[in-house]
Amino acid sequence: MMDTVMELQDVWKIYRMGEFDVPALQGIDLAIEASEFVAITGPSGCGKSTMLNMIGCMDVPTRGKVLLEDRNISEFSGNELARIRGKKIGFVFQTFNLYPTLTTIANIQLPMRIHEFPESDIEEASKKLLAIVGLTERGSHFPSQLSGGQQQRIAIARALATGPSILLADEPTGNLDTKAGSEIMDVFKRLNSEGLTIVMITHDMKIAEYAGRVVKMLDGRIVGKT
Ligand code: ADP
Ligand code: MG
């Protein structure tokens, strides 16, 4: 028996652009099981980010259902959903999005402060997270003092700070060279082998190969699964 973390059932997303409807998602059915590592691939504009935003409860579908641990997210109030999203879902972006004026360790601690974790836990947990991404020595550095690959590792540690049940990554290696990209994939591989559920967008097939399953998209639809 597998546990389903996230499920999209016949999900449609139609953006209204003035006179026109842009059907970004056209009937997506996808279940993400616990401890899976899934890559989503497809050409630019096919709906990958829109789908990941649905999985991450960042957006609501025009039609269809999004289930988080078997509960329809439309049952939650806006506040409840924001809290659940902040705690249960970790997000990593192509551009890292670290706060430039905070040290790396303060960046990692920020989500725990927002979610009012006990101050006594925050110090220890953030040091652990730094070690997990192999940057113990860099806690007092500022993001601009790190390489792109190191900044992305800090962003991963920050995404894990609240103990999410799923990590979502939108082109996490898109701004990195091959070597730094494969180091990020080594981190993902290790986290996944320890049980973390990961869904990652990439249009690099070499990067997609690190995942246990590849979902291919075209024109707002899933066209292939391996
Ligand atoms: P991908 O991540 O695969 O490049 P996106 O999910 O970003 O694709 O976009 C899918 C389609 O939806 C594209 O045609 C894009 O222009 C459109 N789209 C995305 N976001 C918006 C938005 N906020 N408003 C209007 N159209 C959008
Ligand atoms: Mg995108």
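This passage describes helix H3, its packing against neighbouring helices, and the cysteines of a predicted model. Local features were taken at pLDDT of at least 70 and side-chain atom pairs at pLDDT 80 or more, whereas totals for chains, interfaces and linings use all residues. Residues are numbered from 1 along each chain as its sequence is written, and side-chain values use heavy atoms, without hydrogens and water.

Helices are DSSP runs (H or I, at least four residues) numbered from the N terminus. In H3 (residues 104-114), eight of the eleven residues are buried (under 20% relative accessible area, 1.4 Å probe, protein chains only), so H3 is largely enclosed by the rest of the structure. The buried residues are Thr104, Ile105, Ala106, Asn107, Ile108, Gln109, Pro111 and Met112. They pack against helix H4 (119-132) and H5. Just after H3, Glu116 adopts a positive phi of about 55°.

The axes of H3 and H5 (residues 148-159), which are lines fitted to C-alpha atoms over the stretch in contact, come within 8 Å and cross at roughly 25°. The two helices are therefore roughly parallel (an angle under 35 degrees between N-to-C directions, on a scale from 0 to 180). The contact (heavy atoms within 4.5 Å) involves Thr104, Asn107, Ile108 and Pro111 of H3, together with Ile154, Ala157 and Arg158 of H5.

The structure contains zero disulfides (pairs of cysteine sulfur atoms within 2.5 Å). Cys46 counts as buried at 3% relative accessibility, and Cys57 counts as buried at 2%.

Definitions and conventions. Chains are lettered from A and ligands numbered from 1 in the order in which they are written. Angles under 35 degrees count as roughly parallel, over 145 as roughly antiparallel, 65 to 115 as roughly perpendicular and the rest as oblique. Buried means under 20% relative accessible area, exposed over 50%, partly exposed in between (1.4 Å probe, protein chains only).
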